[in-house]
Amino acid sequence: MEFPDDIKYTKEHEWVRVEGKTAIVGITDYAQDQLGDIVYVELPDVGEILSKGDAFGVVESVKSVSDVNSPVSGKVTETNDPLKENPETVNEDPYNEGWIVKLEMSDKADIDDLMSAKEYEAYVTEEKA
Amino acid sequence: MKHTPLYNEHLKLKARMVEFGGWEMPVIYAGVIAEHLAVREAAGIFDVSHMGEFEFKGPDALSFIQYLTTNDISKIADGQAVYSLLCSEQGTIVDDIIVCRFNPEHILIVVNASNIDKDWDWVTSHKKGNVAITNRSDDFGLIALQGPKAAQILQKCAGAADIPAVKPFYLAKSAVCGIEGCILARTGYTGEDGFEIFCPSKDTPKIWQALIENGAPLGLKPAGLGARDTLRLEMKYSLYGHEINDKTNPLEASLGWVVKLNKETDFIGKSAIEKVKAEGIKRKCVGFQMIDPGIPREGYGIFPTHQRTNEPSGQIGFVCSGTMSPSLQKAIGTGYVPTEDSKTGSKIYIDIRGNKRLAEVVETPFLKK
């Protein structure tokens, strides 16, 4: 299980990587492992305005359906459209090729209360136990 | 939660365990898709020990089974098995079962795990004639070995038995891996060739291990409830609690083929089912395929593609099961719709989280072999 330390994590198992004003969002390695084979990803529309905590998309495995919530507020600037054809990318590379949306953040302070890699790893270990 | 004799094997294989009908069962080992495809292309091995077995012995065993179940057990041979139903007086489905006829005075039925207690009350409270009924559920482990290579793998472990001679839906008694007293049934619920092996409970792990050891070089994988569900759904086989339950009748569930209204003896539910047949069914369980994106899931609403005045709420049915089919790579599902919408080619909307997505009623099984 990987926990890169250049990103922030939510309790709902999303991650966010901030590059300037842009927040790149996906689901964590733990989340994809729990879901199993991902067969469908529903993406939001570019231009959609999201508040922190909004469910903006859905990731489905063969057996289950999981909402994806936005870790930050902002406007959707780009979606990872290749996931429509190749949703398994989320399983294979959740932190890079498997990103889901990019947002233009409205408040950079939104990430302040998110978990660090260390905190998230501890959180997941507790959830598994 | 209850454990099967193979519980420790699942833990050793690092399966993900879930609760199912009161049992702690493996849902995934390596991944649903890989397990599913292994069964279609080579072989898979499933623990189905949670299923129940009731034994009927005595001079009236056959006539009692005929009274209890909808299929005609007088028409199958000794040593043969058949799919059948237990129905209520109202003609609704108590359970779907496999009936194994060893001879007219010795019959075994296999029932769903979640229905063992209900079915036991049902059969014992309707007992007729000179027959002894025994709940053997804890005496047997049950292993389903399924897939095109199942027979070849089983032969390696059951040297003395003539596996090719056991035809589909027939039974054979045999030693497996030196364990006497196993029953081989060429049955299953995946749409593939295969066997269900009734093993003495305590010896089940040994047989499981040997089948995996002999099967792995041929591509066999242990497969969990997740793959079992996608495999049966591609064939549109009913799963109790989903397509069928104690409120559905066999005709609307498209299970009329296991209800033999013309058999010589009366059976529980016959007059009610005859009445349904005479009046015509109002709804039907159909298979559908998504045209729009999205995956149908149990409980989603089904809506008409044209406004209709007779359903003011708009909803005309509901989804029983749905998934992304690993073999077809299409989103498929089953659901009840009014008979007028049940024809192949009918268009319906599935309400996927508030969005109406177009789907089409298709021929089933979804997977054509």
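Biologist: Why is B:Ala15 called buried?

Modeller: In this predicted model, B:Ala15 has a relative accessible area of 12%. Buried means under 20%, so B:Ala15 counts as buried, at 12%.

Biologist: Where in chain B is B:Ala15 placed?

Modeller: B:Ala15 sits in the loop that joins helix 1 (7–12) to strand 1 (16–20) of chain B.

Biologist: Which residues does B:Ala15 touch, leaving out those up to four places away in sequence?

Modeller: B:His10, B:Pro26, B:Ile28 and B:Tyr29. To count as a contact, heavy atoms must be within 4.5 Å. As for B:Lys284, 269 residues apart from B:Ala15 along the chain, the two C-alpha atoms are separated by 37 Å.

Biologist: How do you know that B:Cys177 is in no disulfide?

Modeller: Over all chains, the structure holds zero disulfides. For B:Cys177, the nearest cysteine sulfur belongs to B:Cys157 and is 4.4 Å away. A disulfide needs two cysteine sulfur atoms within 2.5 Å, so at 4.4 Å this pair does not qualify.

Biologist: What about B:Cys199?

Modeller: B:Cys199 is in no disulfide either. The nearest cysteine sulfur, that of B:Cys182, is 4.9 Å away, and the cut-off is 2.5 Å.

Biologist: Are B:Cys177 and B:Cys199 buried or exposed?

Modeller: B:Cys177 has a relative accessible area of 18%, and B:Cys199 has 0%. The limit for buried is under 20%, so B:Cys177 is buried and B:Cys199 is buried.

Biologist: Now chain A. Which elements does chain A have, and in what pattern?

Modeller: Chain A has four helices and nine strands. Along the sequence they follow the pattern β-β-β-α-β-β-β-β-β-α-α-β-α.

Biologist: What makes chain A as compact as a globular protein of its length?

Modeller: Its radius of gyration is 13 Å, and the globule rule gives 14 Å for 129 residues. The two values are close, so chain A is as compact as a globular protein of that length. Along the principal axes, the C-alpha atoms of chain A fill a box of roughly 35 × 35 × 20 Å.

Biologist: How much of chain A counts as buried?

Modeller: 52% of its 129 residues. The accessible surface of chain A is about 6200 Å², and 42% of that belongs to carbon and sulfur atoms.

Biologist: What share of the contacts in chain A with a separation of 6 or more comes from residues 24 or more positions apart?

Modeller: Those residues account for 62% of these contacts.

Biologist: How many charged side chains of each sign does chain A have?

Modeller: Chain A has 12 positive and 31 negative side chains. The centres of the two sets lie 5 Å apart.

Notes:
Residues are numbered from 1 along each chain as its sequence is written. Chains are lettered from A and ligands numbered from 1 in the order in which they are written. This is a predicted model: local features need pLDDT of at least 70, side-chain atom pairs count only at pLDDT 80 or more; totals for chains, interfaces and linings use all residues. Side-chain values use heavy atoms; hydrogens and water are left out. Helices (H or I, at least four residues) and strands (E, at least two) are DSSP runs, numbered from the N terminus. The radius of gyration is taken over C-alpha atoms; the globule rule is 2.2 Å times the number of residues to the power 0.38. Buried means under 20% relative accessible area, exposed over 50%, partly exposed in between (1.4 Å probe, protein chains only). Accessible areas come from the Shrake-Rupley method with a 1.4 Å probe; for residues, only the protein chains shown count as cover. Lys and Arg count as positive and Asp and Glu as negative; His and the chain ends are not counted. The place of a charge is taken as NZ of Lys, CZ of Arg, CG of Asp or CD of Glu.
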